[in-house]
There are 4 protein chains.
Amino acid sequence: MATVGFIGLGNMGGPMASNLISAGHTVKVFDLVPELIQSVPGALAGTSALDAATDIDVFVSMLPAGHHVRGLYLGDGSEPGLLAHMSTDTLVIDCSTIDPASAQAVAAQAVEQGLAMLDAPVSGGTAGAQGGTLTFIVGGEEQALQQARPILEAMGSNIFHAGAAGAGQIAKICNNMLLAILMAGTAETLALGVDNGLDPGVLSEIMKVSSAGNWALNVYNPFPGVMPSAPASSGYKGGFLVDLMRKDLGLALQTAQATQSAIPLGSLAQNLYQLLSENHDAGGLDFSSIQYLYKPGLKNT
Amino acid sequence: MATVGFIGLGNMGGPMASNLISAGHTVKVFDLVPELIQSVPGALAGTSALDAATDIDVFVSMLPAGHHVRGLYLGDGSEPGLLAHMSTDTLVIDCSTIDPASAQAVAAQAVEQGLAMLDAPVSGGTAGAQGGTLTFIVGGEEQALQQARPILEAMGSNIFHAGAAGAGQIAKICNNMLLAILMAGTAETLALGVDNGLDPGVLSEIMKVSSAGNWALNVYNPFPGVMPSAPASSGYKGGFLVDLMRKDLGLALQTAQATQSAIPLGSLAQNLYQLLSENHDAGGLDFSSIQYLYKPGLKNT
Amino acid sequence: MATVGFIGLGNMGGPMASNLISAGHTVKVFDLVPELIQSVPGALAGTSALDAATDIDVFVSMLPAGHHVRGLYLGDGSEPGLLAHMSTDTLVIDCSTIDPASAQAVAAQAVEQGLAMLDAPVSGGTAGAQGGTLTFIVGGEEQALQQARPILEAMGSNIFHAGAAGAGQIAKICNNMLLAILMAGTAETLALGVDNGLDPGVLSEIMKVSSAGNWALNVYNPFPGVMPSAPASSGYKGGFLVDLMRKDLGLALQTAQATQSAIPLGSLAQNLYQLLSENHDAGGLDFSSIQYLYKPGLKNT
Amino acid sequence: MATVGFIGLGNMGGPMASNLISAGHTVKVFDLVPELIQSVPGALAGTSALDAATDIDVFVSMLPAGHHVRGLYLGDGSEPGLLAHMSTDTLVIDCSTIDPASAQAVAAQAVEQGLAMLDAPVSGGTAGAQGGTLTFIVGGEEQALQQARPILEAMGSNIFHAGAAGAGQIAKICNNMLLAILMAGTAETLALGVDNGLDPGVLSEIMKVSSAGNWALNVYNPFPGVMPSAPASSGYKGGFLVDLMRKDLGLALQTAQATQSAIPLGSLAQNLYQLLSENHDAGGLDFSSIQYLYKPGLKNT
């Protein structure tokens with residue numbers, strides 16, 4: 001069992017830290033919001049980020065955006081960040097979903113300080129965090145990943161090695177961009193069928209087992225009533241929020257800009273989500289509510 | 001066993017007629033190209049479309065476009081079409097992929113003449129036609145479909161009932177529009193990953209089992225070398241041609257126009273296929289060659 | 001002065017016929033709506049389309065869509081159309097905005113009957129029709145256009161010769177597709193500026209005299225309040241309706257399909273207009289109301 | 001006459017500094033490339049950026065990107081930038097085209113140090129820089145702009161006040177995003193017309209004086225041969241390069257992200273330029289070469 005420092009105790013980080021404790025690890029936590037520090041039963045309360053990063057084997061962070069991760073590890077210009085203070089036998093795992101450039105900048109600095117570092121963004125949402133069934137998509141050295149496995153396995157059920165530093169972020173961003181295309185494309189196609197007189201359930205059944213089969217259609221159908229367990233059938237409540245998809249699509253645009261890659265469909269999907277949000281105030285709804293943009297009349301049903 | 005009239009003996013229709021014969025049906029064939037009439041072993045050679053439509057139980061047509069189907073069944077204005085001459089106990093099955101409006105116009109006229117008619121476009125390509133493993137997506141009366149099952153089962157392995165007359169066309173068009181979005185979206189996402197240093201095979205493996213999983217990624221990967229059996233790994237030869245996908249996307253646009261439905265992603269996919277065709281002369285390549293538009297350098301490998 | 005037959009006396013055709021009379025021509029009119037036949041002071045009331053096409057020098061039609069024009073001139077299959085009955089010294093001018101294929105089919109048949117025919121779609125709206133200031137974009141033989149000039153000049157102030165038969169339709173469709181791109185692009189850019197703190201009027205002034213200057217920005221600003229005389233400043237009332245722009249964009253898609261031309265921006269503009277119409281019930285508003293899609297909050301001001 | 005410090009002596013900055021000297025100002029220059037420091041006849045050679053910023057009335061910078069501007073003025077974290085050293089009666093003018101967030105961050109710091117600062121990006125290209133006919137789009141206080149006018153007028157012929165700090169950048173980004181839409185839209189429309197048999201020159205003449213008139217069509221026609229003086233008629237050489245347009249479109253995406261604004265047409269135009277660049281290696285061609293994407297056959301003429 002390891003001693004783990006853990007920073008970032010929000011909706012995702014809190015349950016993740018709890019699962020580490022349940023698995024028998026010693027966990028020292030810290031968050032800028034004092035209440036959150038007390039919110040993880042069985043955890044040691046760190047007095048600062050630096051305290052949580054001291055006298056530990058593994059350090060885990062779960063933060064909202066790239067500038068938080070840069071600030072934590074690299075400092076803000078006026079004073080150095082955590083990396084400068086950490087013991088070189090510490091394994092650092094950043095589970096935040098951020099831009100690959102930030103992930104790579106932090107990892108490069110870690111290497112310079114003699115530290116092993118992984119970027120390990122997750123999918124699976126708050127349910128996955130609570131159930132310990134998250135998927136980790138990991139970038140970094142194979143050896144560091146081997147070392148990290150017991151830690152990650154306490155929090156998730158799938159671990160993928162995407163490649164070198166930053167590759168975890170890139171792979172997650174790619175996955176979620178394609179997911180946005182699938183979801184919007186599925187919603188658009190179902191609307192086209194319904195407009196032309198088809199039953200959305202019948203059309204879905206046909207396409208699921210044909211060449212249009214895809215995750216959004218098969219397990220997360222966006223048309224209300226087709227799949228009782230899907231958010232679409234409960235007023236698009238819960239699930240994966242439009243605002244989070246917009247964040248990930250923003251990262252996709254940024255990533256494509258870095259390599260001057262053309263992503264016409266990803267860009268259009270991103271803009272459709274912006275239009276959805278603006279025209280239907282849907283930021284807090286599940287991302288399958290893109291169906292509203294194509295069938296606004298569904299809002300009144 | 002039934003006596004079947006069969007019109008349209010091209011790459012699809014020829015093998016379909018053969019499979020009817022293999023199943024024990026008597027088949028009377030006709031095509032405007034005389035050589036094709038002789039190309040189906042065991043078939044009776046009709047002397048005209050009308051001859052092939054006379055003294056039969058079931059009539060099957062497999063033609064390129066809506067105006068051919070209208071011309072055959074409704075005539076060309078100067079003289080009436082086949083429907084006017086057919087015995088009212090004949091079951092008519094049009095397997096062509098055409099615009100729903102034409103399918104509905106012909107079916108309406110059939111009903112007026114007292115004939116049962118189904119639109120039953122297929123997917124599965126020439127391999128499916130030869131192997132008798134086509135998928136039929138059927139529009140029309142349930143009772144007519146029950147009557148048609150033995151005939152369709154001789155040519156295919158999946159039969160879906162999409163709804164009333166024309167619904168088969170609409171459902172197939174929806175499926176193929178979404179397929180185009182999946183394929184172009186997958187190619188775009190793989191290119192983004194590769195541009196950012198990921199291995200296309202590793203990225204594919206991750207996304208396949210994550211929320212970006214879809215038919216194009218999972219069974220028809222467009223990136224060369226990822227899936228040895230896919231057209232992408234054999235120079236995009238064979239498979240489902242870009243020109244056929246363009247035809248189906250044209251039908252999707254026409255269908256969306258009829259109901260004034262917004263299909264921004266479908267329209268963009270259609271335009272990406274036009275750009276692919278114009279910029280890479282790719283009309284005769286498999287439709288997964290959309291990868292070229294995102295990674296033109298692959299053409300030289 | 002000529003004797004003119006005139007078919008189609010709606011919002012556009014009625015005032016056009018009146019202007020011909022004001023210019024001194026003798027005009028025999030017909031419409032399927034009997035009341036309209038009486039609505040043109042000074043006109044001779046035709047008893048049928050054929051009557052209006054008999055004993056005249058010039059025949060003018062102003063109809064809603066391609067199938068009306070085909071039906072009038074070519075007949076409906078069961079009986080021949082007007083062309084078969086017209087005297088060969090009649091000059092035929094169709095002012096309808098229709099698909100180029102229909103215009104070319106009708107013109108080809110006219111030639112076969114020995115008749116000179118022009119397609120001459122108009123722009124300028126009902127105000128232009130009433131004021132006699134329409135723009136005519138003409139396809140057909142130069143000689144026929146010379147003959148038509150006195151007639152067209154009685155109804156409009158600009159006459160362009162776009163090319164051979166059908167070219168008038170194609171040029172008008174091209175113009176209006178680009179106009180839709182200009183309008184949506186201008187609305188999008190103004191919204192981006194405003195979202196980032198700019199004053200829409202100041203931004204407009206800068207762009208008007210810079211490289212972003214365009215007709216939509218310069219004379220028809222879509223942002224409320226920037227240009228007092230524009231429809232945007234009067235609740236998007238009147239002007240050129242969203243539904244008419246959608247019709248023209250539909251013709252653009254059809255025209256691009258005929259030549260398999262890529263029109264990604266035109267297609268996206270078309271879909272944005274569909275989304276506008278569906279999400280804001282804007283079919284009856286001026287087409288500059290595309291601004292609502294980008295700034296839905298403007299609806300409440 | 002003023003004493004001016006000038007940093008950044010590339011293709012734009014060099015001629016701009018020369019024009020200041022021609023107008024009678026004393027100019028102290030600096031660049032990280034030593035050769036460039038000697039390249040401005042009549043200038044005083046600064047020994048460092050700080051030297052060029054000392055004992056002057058006005059300081060002008062012309063740098064490639066936001067991080068250069070941040071680095072120069074704010075420092076790099078380890079040591080403070082120029083603003084910390086400048087005399088508070090210095091007027092600072094940054095003529096770089098950069099992201100508004102960087103412009104605003106630098107301006108905010110300038111204000112804190114008691115300095116007046118303007119963002120004043122230019123348009124007009126190297127020809128405008130050499131001829132002293134640049135357009136300046138300025139963000140900042142009206143009073144600072146009044147003070148800056150004699151300096152700006154020595155380098156340009158048009159000066160617009162867009163608003164507060166950063167507004168110059170935003171307005172320029174808006175203008176150039178709309179310009180990209182106009183250019184791609186015009187190229188697309190001309191290709192559609194030509195594909196359908198129209199002469200590009202005739203179609204251009206019609207649209208120029210109709211509602212599709214726009215800067216790209218009217219003064220910079222992208223179709224070869226239509227406008228002899230346009231880059232299109234000289235192999236798309238010179239002019240405003242595709243790579244520069246891509247940079248500006250990248251800034252537009254970044255700006256839209258900051259406010260979560262939907263820019264579907266701007267995003268599509270950006271992706272069309274990426275596709276152009278990748279498929280036709282066109283980064284070094286004039287931006288009207290987007291015509292190649294629609295008519296690749298033109299490359300061989």
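A crossover counts as right-handed if, when the strands point away from you, the path from the first strand over the helix to the second runs clockwise. Keep that in mind as you look at chain B of this predicted model. Strand S4(B), helix H4 (residues 66-74) of chain B and strand S5(B) make a β-α-β unit of just this right-handed kind.

Now zoom in on S4(B), which covers residues 58-61. On one side, S4(B) is joined by four bridges to strand S1 (residues 3-7) of chain B, and the two run parallel. If you want a spot to find this pairing, look for Ile7(B), which stands opposite Ser61(B). Four bridges also join S4(B) to S5 (residues 91-94) of chain B, again in parallel. Here Phe59(B) has Val92(B) as its bridge partner.

What about the two faces of S4(B): are they covered or open? In a regular strand, side chains alternate between the two faces of the sheet. Val58(B) and Val60(B) sit on one side, Phe59(B) and Ser61(B) on the other, and all of them are buried, so both faces are covered.

Next, step back and compare chains A and D. Two copies of a chain are related by a rotation about an axis and a shift along it. Here, a turn of 180° with a shift of 0.0 Å along the axis lays chain D on chain A, with an RMSD of 0.1 Å. The two copies are therefore related as by a two-fold rotation axis. In chain D, the C-alpha nearest that axis belongs to Gly77(D), 2.0 Å away from it. Finally, 100% of the interface residues of chain D are interface residues in chain A too, so the copies meet through the same surface.

Technical notes. Residues numbered from 1 in each chain as written. Chains lettered and ligands numbered in written order. Predicted model: local features only at pLDDT ≥ 70, side-chain atom pairs only at ≥ 80, totals over all residues. Buried ≥ 20, exposed ≤ 12 C-beta atoms within 10 Å, placed from the backbone. Pairing = 2+ DSSP bridges. Least-squares fit on C-alpha atoms with pLDDT ≥ 70 in both. Contact = placed C-beta atoms within 7 Å.
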